[in-house]
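I sat down with this one to see how its core and its sheets fit together. My notes follow.

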Amino acid sequence: TLAKPRQPELKTALPGPKTASIMERDSQHLSTSYMRPYPFVPDHGEGVWLTDVDGNTMLDFFAGIAVSTTGHAHPHVVQAVQEQITKFTHVCLTDYPQEITTSLAERLVKHVEKPGEKWRVFFSNSGAEAVEAAVKLARNHTGRQHIISTMGSFHGRTYGAITLTGSKTKYKRGFGPLLPAVSHVPYPNPFRPPLGSTAETCGQAVLDHIEGLFVGILPADEVAAIIVEPMQGEGGYIVPPADFLPGLRALCDKYGIMLIFDEVQAGMGRTGKMFSFQHFDVQPDIITSAKGIASGMPLGALLAKESVMTWPVGSHGSTYGGNPVAAAAAHSTLDLLEGKVQHPGCGANLMDNAAQVGEFIMTELKKMQAEFPFLGDVRGAGLFIGLEFVKPDGSPDGALRDRASMAMFERGLLNLDCGEAVIRISPPLILTREEAATGLEIMRETLRTLQ
Ligand code: PMP
């Protein structure tokens, strides 16, 4: 039996007066490129709860796009950040070592190193910068230029990263010319299998497609890297079939191509393992990480096998990358993920909690899928879950998804769309079963109104 869960508390009709006023000023003075899915202006947070400037408290099911791993204002993270900021805020890792980043790198590589294999870390401020670094490293190491990415992918907004990004055209329209020597191949989405394949055969179909390119279209010995999200994030929270990533590894080995896993969204414990590729029997050459790594402090990381990280001294760097305050937040985040520090009510560590609470959410969502025909697919791992809305003919129903998203918000559930018609469930990893049940009840109520 579940304890009586805390409920969202809506004090004013949405949007409240302060929210409306800030939304108006925001629309006057900030970049015209920002999106505003619904009227929400945060004031403060505690755990999985966010309170807006009008005093409405809402349940956070998106965690600042899968970033706030440890929830909002986690005391252990706050303390670590406060302690570091009173010591020094910045010196510059590119020029001088700092113990806090050295020990962070040592800690991170422990999660990927296999016996007889050593890894190294380059720190950036964001996911896009980690991706840029990965492309630079792969080109520099192989002496080759071409990069293969996937359709539906998202890798960031800088020039290299948007070129690799394979989702919405609005990310690219009017910004070209982009990076040369980049191709896109389909992503094996078992719910919408590409290339005339099925849910079971789509992984092999994409592998065959790539190898087909190497015959007559793209010389394999000019390909530096294949970059792929082991579980696709912005594209719709998609889990590929089990044979896909090991198959990619074999292909890369055959042709001397670097395999880059972009773990920016799915990594850092979200799927129930430290990195999402660890659900499969596969090892990449390069990993990019960011988002959940530092509970919202800006930090990105490029992890690479020592045998691959061969770029010369001074060839790459960053003024702020590996900032010690962000590194302190990352250490304290890892403490909670690894279970060195336990979060009350979340078992041994946050990765296990993500796996268990995620399984509970998935089971409940599957029941809803049986009840509501417009829920075409429920998929994911841990607290990385996608809910796809479909029309009666099975095609994606983005308009219905948008209505659902707004209606959930109006009931106090913060959520975020992705893909064409998907709502992503990416809450803080400290979410308890009771809190999950509260969010699920809001979802169920909302879905009933859409019938
Ligand atoms: N890669 C992936 C898989 C992402 O999901 C994102 C952000 N959504 C990025 C890269 C870019 O990260 P950032 O916004 O920190 O540059």
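Entry 1, the core. I'm working from a predicted model. I started with the largest nonpolar core, which has 119 residues. I looked up which members touch the most others, and got Ala-134, Ile-226, Ile-260, Leu-299, Leu-302, Leu-303 and Ala-329. Next I asked which helix gives the most to this core: it is helix H9, residues 324-338, with nine residues. I also checked the domains, and the core takes at least three residues from each of domain 1 (17-60 + 346-450) and domain 2 (80-338).

Entry 2, one core residue up close. I picked Ile-260 and left out anything up to four places away in sequence. Its contacts are Ala-134, Ala-138, Ala-225, Ile-226, Ile-227, Pro-284, Ile-286 and Thr-288.

Entry 3, the seven-strand sheet. I traced the order as S4-S10-S9-S8-S7-S5-S6, an open sheet with mixed pairing. Its edges are strand S4 (119-124) and strand S6 (182-185), each paired on one side only. From one strand to the next, the twist averages 20°.

I then went along S9 (residues 286-289) and S10 (residues 300-305), and found them antiparallel with four bridges between them. Which residue in S10 does Thr-288 face? Leu-302 stands opposite Thr-288. I'd met both names already: Leu-302 is on the list of core residues that touch the most other members, and Thr-288 is one of the contacts of Ile-260.

What lies across this sheet? I found helix H5 (residues 127-142) across S4, strand S5 (146-150), strand S7 (223-228), strand S8 (258-262), S9 and S10. Helix H5 runs at about 25° to S10.

Entry 4, the four-strand sheet. This is another open sheet, in the order S11-S12-S15-S14, and here the pairing is antiparallel. Strand S11 (375-381) and strand S14 (416-418) are the edges, with a partner on one side only. I noted an average twist of 30° from one strand to the next.

How many bridges join S14 to S15? There are three, and S15 covers residues 422-425. I looked up Leu-416 too, and its bridge partner in S15 is Arg-424.

Entry 5, helices on the four-strand sheet. Helix H10 (residues 350-371) lies across S11, strand S12 (384-389) and S15, at about 170° to S11. Helix H11 (residues 398-410) lies across S12, S14 and S15, and I logged about 40° for its angle to S15.

How values were computed. Residues numbered from 1 in each chain as written. Predicted model: local features only at pLDDT ≥ 70, side-chain atom pairs only at ≥ 80, totals over all residues. Core = buried A, V, L, I, M, F, W, Y, C linked by C-beta atoms within 7 Å. Buried ≥ 20, exposed ≤ 12 C-beta atoms within 10 Å, placed from the backbone. Helix = DSSP H or I, 4+ residues; strand = E, 2+ residues; numbered from the N terminus. Domains from an automatic or database assignment. Contact = placed C-beta atoms within 7 Å. Pairing = 2+ DSSP bridges. Axes fitted to C-alpha atoms, helices over the stretch in contact; angles between N-to-C directions.
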